[in-house]
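Biologist: Can we go through this one slowly? I'd like to hear what stands behind each label.

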Amino acid sequence: MMKQFVTEDSFWELFPDARIGVVVAHGMKSADQVPPEDASALARALAEANGKADQHLNSNTISQNQVVAVWRDAYQRFKTKKGARCSVENLLKRVLKGNPVGSITPSVDVYNIVSLTHALPVGGEDIDAMEGDIRLGITRGGDPFRPLGEDEDAPTLEGELCYRDDAGAICRCWNWRDGERTALTDDSQKAFLIIESVDPSRADDLEAAIDQLAELVQRYLGASIFAKQIVTRDNPSIVIDE
């Protein structure tokens with residue numbers, strides 16, 4: 001059945017100038033199908049990306065860096081769990097502390113490379129694990145959610161911005177925390193990959209980031225690109241599976 005990514009009016013009311021880059025990859029190799037030399041190449045690219053992240057950091061106070069400050073401001077506009085931060089802030093904080101982001105699995109390495117290189121939040125979900133369309137908007141709260149790596153449920157809050165499908169939340173507090181149910185695994189074949197930007201001045205950076213993301217999943221994960229698009233208020237949805 002056809003699945004779509006739909007951005008709701010409640011999102012655009014808060015962030016009318018936001019831009020969301022989407023790359024939909026089908027037919028990805030499982031982790032054990034990625035040749036050792038390609039896995040090693042990805043690990044090297046990740047190490048280089050940790051170095052490239054430094055160019056976005058001109059202050060030792062993480063919140064004073066522009067690429068983080070715009071997200072701190074964004075997170076003031078909707079209800080969040082205490083302490084929730086944009087995913088890219090967590091990556092950049094590691095770089096700032098001299099604790100570089102290490103290799104995990106090929107698919108995760110790919111989007112961490114892009115996130116660090118461009119200082120933009122990048123995430124990924126398993127399309128086959130989704131129930132119906134994936135939607136981004138403000139929720140009434142109570143959406144079922146099991147955080148990745150946790151043993152207890154943590155439902156959404158009223159007024160929270162999150163990604164969700166027919167079965168519950170997929171990623172909480174916009175791009176803060178992924179859920180167990182739809183997280184990419186070593187065996188995922190279809191990936192919904194997203195890059196978010198709330199800074200209109202970084203439109204070119206977003207374009208470069210989705211181009212790099214598509215190139216990496218094709219080159220190293222053997223995927224075909226089913227769709228690649230920047231979602232905006234005037235173009236608020238995209239088909240991700242048929």
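Modeller: Let's begin with pairing: two strands pair if DSSP finds at least two bridges between them. Strands themselves are DSSP runs of E with at least two residues, numbered from the N terminus. One more thing up front: this is a predicted model, where local features need pLDDT of at least 70, side-chain atom pairs count only at pLDDT 80 or more, and totals for chains, interfaces and linings use all residues. Residues are numbered from 1 along each chain as its sequence is written, and side-chain values use heavy atoms, with hydrogens and water left out.

Biologist: What makes S4 and strand S5 a pair?

Modeller: DSSP has to find at least two bridges, and 4 bridges join S4 to S5 (residues 161–165). The two run antiparallel, and Ile 138 stands opposite Leu 161 in S5.

Biologist: And how do you know that strand S1 pairs with strand S4?

Modeller: Here 3 bridges join S1 (residues 3–7) to S4 (residues 134–138), and these strands run parallel. Phe 5 is the residue opposite Ile 134 in S4.

Biologist: Thr 139 is in the loop between S4 and S5. Why is Thr 139 called buried?

Modeller: Buried means under 20% relative accessible area, exposed means over 50%, and partly exposed is in between (1.4 Å probe, protein chains only). Thr 139 has 6% relative accessibility, so it counts as buried.

Biologist: What makes the link between the side chains of Thr 139 and Asp 143 a polar contact?

Modeller: A polar contact is a pair of N or O atoms within 3.5 Å; within protein, one must be able to donate a hydrogen and the other to accept it, and residues adjacent in sequence count only if both atoms are side-chain atoms. The side chains of Thr 139 and Asp 143 are joined at 2.4 Å.

Biologist: What about Asn 175, in the loop between strand S6 (168–172) and strand S7 (177–178)? Which side chain does its own side chain make a polar contact with?

Modeller: That of Glu 196, at 3.0 Å. A polar atom of the Asn 175 side chain also lies 3.4 Å from the backbone nitrogen of Ser 87. Asn 175 is buried too, because its relative accessible area is 6%.

Biologist: How do you know that Cys 86 is in no disulfide?

Modeller: A disulfide is a pair of cysteine sulfur atoms within 2.5 Å. The structure holds 0 disulfides. For Cys 86, the nearest cysteine sulfur, that of Cys 171, is 9.9 Å away. Cys 173 is in no disulfide either: the nearest cysteine sulfur, that of Cys 162, is 8.3 Å away.

Biologist: Why is Cys 173 called buried?

Modeller: Its relative accessibility is 0%, so Cys 173 counts as buried.
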